[in-house]
Amino acid sequence: MNVETMIYAYLAICLAMIVFNCACIFVFRHQGKTLKRHSDRMEEEIEGQIFLIQKGDPVSEEHLTYICKKLRKIRNLMAFDETMKDLIQKEPEAAWRYIENIKPVFTWVAVDNHYKGSMQLAYFAYVIAKYRILAGKATPLIVDIMMKLLEEPSLYCRENALQAIYSTGDYKYVLSAIKCVDESGRFHHEKLLTDGLLTFTGDHQQLAKVLWEHFETFSNSMQVVIIDYIRFSGTILNDEILYLLVDGKRDDELRFACIRYFWKHTDERAYPILLAFLEHPGNQRWEYASIAATALSSYPKERTILALKRAMNNSNWYIRFNASKTLESFHLTYQELGDVMDGRDRYAREILQYQMDVQRAKEEQEVMEV
């Protein structure tokens, strides 16, 4: 192929890309206008029903039939979402009362199930979660549909279905959903699961205890999610978590999660174990010492300070960094840190000075903002 042919081919590709982009702009604008038109019509209809609600009357049967027919199509579901987003900003109390009145509509829509493809189903699950359709007394039929969506390959489908199930406030549904995700073997990021569990609208203490009762039935990765959820939800299970921490046969990631738990929920029984991870690493992974150096920030004792100072000479950068950060958090004087600042280890001195400079910059920024 000569140079001239290559240039013509390149120009043809560029022209095709320009045509494609222009076509996309035209299609998206047309879709946007269509959605806005549908949304405006629906908003006018819904505002009439909100007016009735404000007078103390229920939503009319005619409107329930109307909205049921409309929501069978995905574009109308999108228009409904846009409409409610605006109305909730304008009149939040009345808008939420309206949603409460039309909850049965979503059961009818779910029965008909006109949505095709995983993306449409994912959007349906998103709307169910966003407007708390399953809050209070969840409709088993819709919950079953959400459970089936957990088997979809699409991450969006699974995540939106989980969000809908969290909104039920029913720990039994959540337990079943988490088991389903775990047993499917499909990748679902641990942070998504932990953050999702924290949005649970029911009793977190009850959910945490139920998850713990079934703890051994879950995979290692899901066990880490449960420990992280327990830590962030504020549930106190010190005895149970301590048992996992001292069990050397447990998965490393699980024990890391246990160390972080005792960072937030201090327990004097865990203190010597955390110290041992930092002072006597042995053949274990360096992450034990690194995470323990951070967790010990919740145990400001003289022995802790000595152990952290020694850790400042560790060859691993992460251990030195976390140890220096914890030492700085204790707000020690220069004299108390003199053996590090005036010591022979230049790396220890520089990383501690860096942490002190960062903290000083933060304090100066806070003063300027005030």
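**Helix packing in a predicted model**

Helices α7 and α8 cross in a left-handed sense (the near helix is turned anticlockwise from the far one by less than a right angle). This is a predicted model, in which local features need pLDDT of at least 70 and side-chain atom pairs pLDDT 80 or more, while totals for chains, interfaces and linings use all residues. Residues are numbered from 1 along each chain, and side-chain values use heavy atoms, without hydrogens or water. Helices are DSSP runs of H or I with at least four residues, numbered from the N terminus.

**α7 and α8**
- The axes of α7 (residues 140-149) and α8 (residues 155-166) lie 8 Å apart at an angle of about 150° (lines fitted to C-alpha atoms over the stretch in contact; angles run from 0 to 180 degrees between N-to-C directions).
- Met-146, Met-147 and Leu-149 of α7 meet Cys-157, Arg-158, Ala-161, Ala-164 and Ile-165 of α8 (heavy atoms within 4.5 Å).

**α11 and α12**
- The axes of α11 (residues 204-213) and α12 (residues 220-233) come within 10 Å and cross at roughly 155°.
- That angle makes α11 roughly antiparallel to α12 (over 145 degrees).
- The crossing of α11 and α12 is left-handed.
- From α11, His-204, Leu-207, Ala-208, Leu-211 and Trp-212 meet Ile-226, Ile-227, Tyr-229, Ile-230 and Ser-233 of α12.

**α14**
- Buried residues of α14 (under 20% relative accessible area, 1.4 Å probe, protein chains only) include Leu-254, Phe-256, Ile-259 and Phe-262.
- The buried residues of α14 pack against α12, α13 (238-246), α15 (271-279) and α16 (286-295).

Note on methods: Helix = DSSP H or I, 4+ residues; strand = E, 2+ residues; numbered from the N terminus. Parallel < 35°, antiparallel > 145°, perpendicular 65-115°, else oblique. Buried < 20%, exposed > 50% of the residue type's maximum accessible area, 1.4 Å probe, protein only.
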